[in-house]
Amino acid sequence: SLAVAPLGLEAELRSLQRLRDAFNASASSSAVGPLWVDSFAEHLRLQAMPPMSRLGVHLEREIAMFLNTSTARVLERAGGIILRDGALAATRLRVLVRSYDAEAMLGVRAAVQA
């Protein structure tokens, strides 16, 4: 049988990646900071684990284990993630927007709403 991750978590991860990609594609965004999901994917690769999309019900457990690594501590100190009681409470994505006029504001808003 195929084990499937909770829809909410998997959808959240895909949404974060889509948001980052939208900012990267936006003409008004000149720099987008790293996303913890990329560090997590690299962690899985280095541990010879399957990619996130194939972890199924183990996704949540693997994220919890990742959050106890030195990489996650660096991400937290850098402001990329916010942990509460050792669990992921929030993701922070830093975006530098140049020429911030009304049109750029609408572009950023559209990227966030996509």
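**Exercise 1. State the volume of the largest pocket in this predicted model, then describe its lining.**

Solution.
- Step 1: Start with the volume. The largest pocket takes up about 270 Å³.
- Step 2: Find the centre. Of the 14 lining residues, L9, E12, W36, I63 and L88 are the closest to the centre of the pocket.
- Step 3: Assign the lining to elements. At least two lining residues come from each of helix 1 (7-25), helix 3 (59-66) and strand 3 (87-91). Strand 3 gives the largest share, with five residues.
- Step 4: Sort by chemistry. The lining holds 11 nonpolar residues, one polar residue and two charged residues.

**Exercise 2. Place T69 in the fold, decide whether T69 is buried or exposed, and find a backbone partner for its side chain.**

Solution.
- Step 1: Locate the residue. T69 sits in the loop that runs between helix 3 and helix 4 (70-78).
- Step 2: Apply the cut-off. Buried means under 20% relative accessible area. T69 has 18% relative accessibility, so T69 counts as buried.
- Step 3: Look for the partner. The T69 side chain reaches the backbone oxygen of F66, at 2.7 Å.

**Exercise 3. Classify E10 by accessibility, then give the C-alpha separation between E10 and E60.**

Solution.
- Step 1: Locate the residue. E10 belongs to helix 1.
- Step 2: Apply the cut-offs. Partly exposed lies between the buried limit, under 20%, and the exposed limit, over 50%. E10 has 22% relative accessibility, so E10 counts as partly exposed.
- Step 3: Turn to the pair. E10 and E60 are 50 residues apart along the chain, and their C-alpha atoms are separated by 9.2 Å.

Key. Residues numbered from 1 in each chain as written. Predicted model: local features only at pLDDT ≥ 70, side-chain atom pairs only at ≥ 80, totals over all residues. Heavy atoms only, no water. 1 Å grid on protein atoms, 1.4 Å probe; cavity = no way out; pocket = protein on both sides within 12 Å on 5 of 7 lines; lining within 4 Å. Points joined across faces, edges and corners; volume = space filled by probe spheres on them. Helix = DSSP H or I, 4+ residues; strand = E, 2+ residues; numbered from the N terminus. Nonpolar A, V, L, I, M, F, W, Y, C, P; charged D, E, K, R; others polar. Buried < 20%, exposed > 50% of the residue type's maximum accessible area, 1.4 Å probe, protein only. Polar contact = N/O pair within 3.5 Å; in protein donor to acceptor, adjacent residues only side chain to side chain.
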